[in-house]
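Reader: Hi! I'm new to reading structures. Could you walk me through this one?
Author: Happy to, let's open it together.

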Amino acid sequence: MPASAKSVPPEKTTSPPVAAPAAPGAGLSAVQRALRKLGLVRDIDFALYLPMRYEDETRIVRLADTRDGDMAQVEGVVTECEVVFRPRRQLIATIDDGSDTCQLRFFNFYPSQQKQLAVGAHVRVRGEVRGGFVGRQMMHPTVKAAGTALPQALTPVYSTIAGLPQPVLRREVRSGLARAVLDETIPVQIGWRGAWDLRSSLSFLHYPTPDVAMATLEDHSHPAWQRIKAEELLAQQLSQFQARLERAAQRAPMLPSSAEPEASSLHAQLLAVLPFGLTGAQQRVGEEITRDLRREVPMHRLLQGDVGSGKTVVAALAAARCIDAGFQCALMAPTEILAAQHFGKLVGWLDPLLAERGLRVAWLTGSQKKKERDAMSAAVESGEAALVIGTHAVISEKVRFRNLALAIIDEQHRFGVAQRLALRGKAVGHLEPHLLMMSATPIPRTLAMSYYADLDVSTLDELPPGRTPIVTRLVADHRRDEVIARIQAQLGQGRQVYWVCPLIEESEAVDLRNATETRDELADALGAAVNVGLLHSRMPTAEKQAVMAAFTANEIQVLVSTTVIEVGVDVPNASLMVIEHAERFGLSQLHQLRGRVGRGAAASACVLLYAPGDSGRVGEAARARLKAMAETGDGFEIARRDLEIRGPGEFLGARQSGAPLLRFADLTTDVMLLDWARELAPLMLDKHPDLAQRHIDRWLGTKAEYLKA
Ligand code: ADP
Ligand code: MG
């Protein structure tokens, strides 16, 4: 390990002026509050708070050698200094370092600075050199007395927030780093082969020696960075493998079933009434789930499949297994519309079969009338409701299950961790329910490996047969007439059409007005024979459901809506989807919306109407999204591109994963480190559980609990 990396250099003598604290106590707590906001509480938090860039204050350069745009540190004599009013009050000084002169300008300054820049004073000045034709200039440079010892290391610059000036943060990090206990947690025998240990890596990355190749710090490829990223990934993997171990210790009801279910089972009867045969993928995934349900360890499985891949049937079959074993199953969807669709479908399939058994499907949502809701709750409590479908209301405190054994969450990314936890709390006695989460947003492999390491993943990688690919067209907004013609052509063939208006989040009233205007415009253009309906998030649920029902029954031919139809809605006769202001939608959202068509055998199309912004152009990211939509219909490819455009932070959202995002490692470049961590984590938990725990605590602190949810 390089000797220079071992010690933290001494505190620098001076720093730029800091706003004086109002009162000692108040000032202190404001800083502490700001630190807390950055997650800086324990010494180790400070030590792990690494700079985003550095300043080189280790060298003095000659003014004559500087070029326009250089960050430069020079020393010289002040030859002029005055306050002028041209047009604003400003302090202008000139320094001469023997090679050339440079003008310093300050619009905001303290009297102390003015004194520091008295004519004849020797000063050390650092700033960006501007080389206009009137000579060199620096705006708001930092100024110190000349001649003090130069630091040996680069000066760190940390990401900070209002109320926390850089010098203060720098001081706090320095002392946190000095105090932090940085003994090794990665066991030498099985651990890291690189030369850099944690302490040397952190010391170096906070205060690198000036001879370092700056690019290796910036792109995190320096060996010290490798070590830190490895540590971070290891912490993430450890906590997930640990969650897995904890779950392995939990118990769930075993839902026994024979591989060949008896003909009288609900499962077999459901298969018999389905109007189609299962795809190979549905069968395979069904078996994976059945295997899990037979075990006494709670299932924790993510079922991912592109829109339209047929997840609902898989869920229904899993529910049937559960009911066959004499237990209850809950199915939750994020919106009432979606829950209602599931309900409609599953009631159609299952209710007649359940009725023969004296059982039924119950329906629970927030908007329900109290009387109906009480009746449903009673059916859930008695166990008569073998299957409970609804929104969050299903997990409300008041609902008590007789023997819940399987919980299915549709569109899991829209549920928070807390809700998943609440669902688990609905178990009977000490038994946890099995958990099946469904998502139409496929998770790229590296993300799945890192963020969902404690989940088992099943993938429906095959669409039901007879689908024709959806043709996607990008159309500029001023060519709306062509779109109307397309709509008429579809209607002429007895097909139906979705028209989606964007949600402009600032104002629902504006959204509603836009959607209403569009509805009127379409109704005008299409004539009286065509029914144009409107669905808006503001509408009361009953009204929404009535509109959806009318659309499903083809009483409404064109449905104008804001994004409430975003997920899961299923009307196979709809063959054209028009998305207005498509440039405003996210990529997965567009893909999900598009998936509402192409559900029947008819050729389907999606028209993305886009409007160039004020600049006359569509932004770069928006263009990349539209391009991806036009080029591919494959959900995995879409997800990959979405990840590329947005980065993992936004792609996952802390809400979806429940896992803290990686601060340093980058899954697109650090796959080898991820593999290393994945290999080491189970080994370490097994052979060195104490070290593993220390490592998790060090890196994740209080976040570790959250991660397990
Ligand atoms: P998603 O995975 O998007 O939730 P759905 O479960 O809503 O997809 O299924 C989409 C459509 O495909 C539904 O109309 C459903 O009935 C139909 N479907 C599902 N499985 C099959 C199959 N094996 N063969 C034919 N159609 C199917
Ligand atoms: Mg669905």
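**Around the ligand**

Author: This is a predicted model. Of the 18 residues around ligand 1, those that come nearest are Gly 308, Lys 311, Thr 312, Arg 467 and Asp 570.

Reader: Cool! How do the residues of that shell divide into nonpolar, polar and charged?
Author: Five are nonpolar, seven are polar and six are charged.

Reader: And which helix gives the most to the shell?
Author: That's helix α10, residues 311–324, which gives three residues.

Reader: What does the side chain of Lys 311 do there?
Author: One of its polar atoms lies 2.8 Å from an oxygen atom of ligand 1. Gln 282 also has a polar side-chain atom 2.8 Å away, but from a nitrogen atom of the ligand. With Ser 309, a polar backbone atom is 3.4 Å from an oxygen atom of ligand 1.

Reader: So how much of ligand 1 does the protein bury?
Author: Taken alone, the ligand exposes 560 Å², and the protein buries 89% of that. The space that ligand 1 takes is the second largest pocket.

Reader: Changing topic: where is Thr 66?
Author: Look in the loop between β1 (53–55) and β2 (71–85).

Reader: Is Thr 66 buried or exposed, and why?
Author: Thr 66 counts as buried because its relative accessible area is 6%, and the cut-off for buried is under 20%.

Reader: Which side chain does Thr 66 make a polar contact with?
Author: The side chain of Arg 136, at 2.9 Å. A polar atom of the Thr 66 side chain also lies 2.7 Å from the backbone oxygen of Leu 63.

How values were computed. Residues are numbered from 1 along each chain as its sequence is written. Chains are lettered from A and ligands numbered from 1 in the order in which they are written. This is a predicted model: local features need pLDDT of at least 70, side-chain atom pairs count only at pLDDT 80 or more; totals for chains, interfaces and linings use all residues. Side-chain values use heavy atoms; hydrogens and water are left out. A residue is near a molecule or strand if one of its heavy atoms lies within 4 Å of it. A polar contact is a pair of N or O atoms within 3.5 Å; within protein, one must be able to donate a hydrogen and the other to accept it, and residues adjacent in sequence count only if both atoms are side-chain atoms. Accessible areas come from the Shrake-Rupley method with a 1.4 Å probe; for residues, only the protein chains shown count as cover. On a 1 Å grid over the protein atoms alone, a cavity is a set of points where a 1.4 Å probe fits but cannot get out, and a pocket is an open set with protein on both sides within 12 Å along at least five of seven lines; lining residues have an atom within 4 Å of a point. A molecule sits in a cavity or pocket if more than half of its atoms lie within 2 Å of its grid points. Helices (H or I, at least four residues) and strands (E, at least two) are DSSP runs, numbered from the N terminus. Ala, Val, Leu, Ile, Met, Phe, Trp, Tyr, Cys and Pro count as nonpolar, Asp, Glu, Lys and Arg as charged, and the others, Gly among them, as polar. Buried means under 20% relative accessible area, exposed over 50%, partly exposed in between (1.4 Å probe, protein chains only).
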